[in-house]
Amino acid sequence: MQRIVSFLPSATEMVCALGLSDRLMGITHECDYPPEVKGKPIVVLAVLPVERMNQSEIDVAVTQRLREGLSLYQVNERLIRDIAPDLILTQDLCQVCAPSGNEVSQLLTTLPIKPRVLSMTPKTLDGIFSNLQELGETTGFSTCAQELVSASRARLARIAATARQISHRPRVFCMEWMDPLYCSGHWVPEMVELAGGTDELGHRGTDSVRIAWDEVLRWAPEVLIVMPCGFGLEKAATQACVLFSRPDWFQLPAVRAGRVYAVDANAYFARPGPRVVDGTELLAHLLHPTVFDWTGPANAFRRLTVSQSSTAADCAARTEA
């Protein structure tokens, strides 16, 4: 039986979506979905204690390590040698998201038998689906992969067809980091477009970048989605409090209309895996709640509210119907 090691949460989700979780012999510390991966050997750990850091501290620490040429991840080479994988799933898209090419190259020099390495570096929804198909071909499950891709494309097509019938496409800002401020990138602006919105601050098909707060004020989003990369809902909602002290925050149309949301970025947006289709359905609901229902988990998103008399220090984020 093929022995697979995944360096990516998204790749782990793809393996399981193809029904191959029994082949998965090693995962990262961030691989938390689907539930059957719990208890799998962890072969990758983060170097930085990000769970105890705020967004600004994370940004400074990450920038410093990358400037010094240091990795953000520790690969357990001894455990991987014991596993003796036939296939390693990795990426070369983002040094912050997971071990990239350099770590894998170093690892391969220590393995007596060289496994096949499949690098997944999607920048668009098509790229994600291509990765899934390539994984299917590599594992001998190409038919299953094609069926999954076809079903995913059909769901996206239905969303887009409904969204095209809506006369108003709200101005949207998807925020991938809050301190400092980053716009969305890669596949997220495409998801917004399919869901019936417009995000002119996003960078479709390329990296998210730092932007100035003045750019957000000029864009005046009608819906603002807080989706910090690597965060689940609770942490995103908690750390979103830093936004409430931004100049002219309460003048944003999205704030005045009560349409600021934190979402589970890990589940639906940051990871280029099968659940980006669910994420597009979630966006459609947040942008057009009277047209699109959300039948997924209730903890997928949270409306963020704060009164003008509150401060960032004592703000309260709560779920609203």
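**Notebook: confidence, strands and a helix pair**

I began with the confidence of the protein chain, and I found a mean pLDDT of 88, with 86% of the residues reaching 70 or more. I keep in mind that this is a predicted model. I then looked for weak stretches, and I noted that over residues 308–313 the pLDDT is below 50, and that this stretch has 4 contacts in the model beyond near neighbours in sequence. Residues 316–321 also have a pLDDT below 50, and for this stretch I noted 12 contacts beyond near neighbours in sequence.

**Entry on the open sheet**

Next I asked myself in which order the 5 strands of the open sheet stand. Reading across, I wrote down β8-β7-β11-β12-β13, and I noted that the pairing is mixed. I looked up the edges and found β8 (181–183) and β13 (301–303), each of which pairs on one side only. From one strand to the next, the twist averages 30°.

I then followed one pairing in this sheet, that of strand β7, residues 172–178, with β8, and I found that the two pair in the antiparallel sense over 3 bridges. To place this pairing on actual residues, I looked for the bridge partner of Met175, which is Cys183 in β8.

**Entry on β2, β3 and β4**

I turned to strand β2 (residues 24–28), which runs parallel to strand β3 (residues 42–46) and is joined to it by 2 bridges. Here I found Ile27 opposite Ile42 in β3. I also checked β3 against strand β4 (residues 73–75), and these run antiparallel, with 3 bridges joining them. In this pairing Ala46 stands opposite Tyr73 in β4. As a reminder to myself, strands of a sheet pair through backbone hydrogen bonds, either parallel or antiparallel.

**Entry on α6 and α12**

Last, I asked at what angle helix α6 and helix α12 pack. For α6 (residues 142–163) and α12 (residues 276–287) I noted an angle of about 15°, with the axes 10 Å apart. Angles under 35 degrees count as roughly parallel, and α6 and α12 are therefore roughly parallel to each other. I also noted that α6 passes α12 in a left-handed crossing.

I listed the residues that meet: on the α6 side they are Ser152, Arg155, Leu156 and Ile159, and on the α12 side they are Val277, Asp278, Thr280, Glu281 and Ala284. Sorting the residues of this contact of α6 with α12 by character, I wrote down 4 nonpolar, 2 polar and 3 charged.

Technical notes: Residues numbered from 1 in each chain as written. Predicted model: local features only at pLDDT ≥ 70, side-chain atom pairs only at ≥ 80, totals over all residues. Heavy atoms only, no water. pLDDT = per-residue confidence, 0-100. Contact = heavy atoms within 4.5 Å. Pairing = 2+ DSSP bridges. Helix = DSSP H or I, 4+ residues; strand = E, 2+ residues; numbered from the N terminus. Axes fitted to C-alpha atoms, helices over the stretch in contact; angles between N-to-C directions. Parallel < 35°, antiparallel > 145°, perpendicular 65-115°, else oblique. Left-handed = near helix turned anticlockwise from the far one by under 90°. Nonpolar A, V, L, I, M, F, W, Y, C, P; charged D, E, K, R; others polar.
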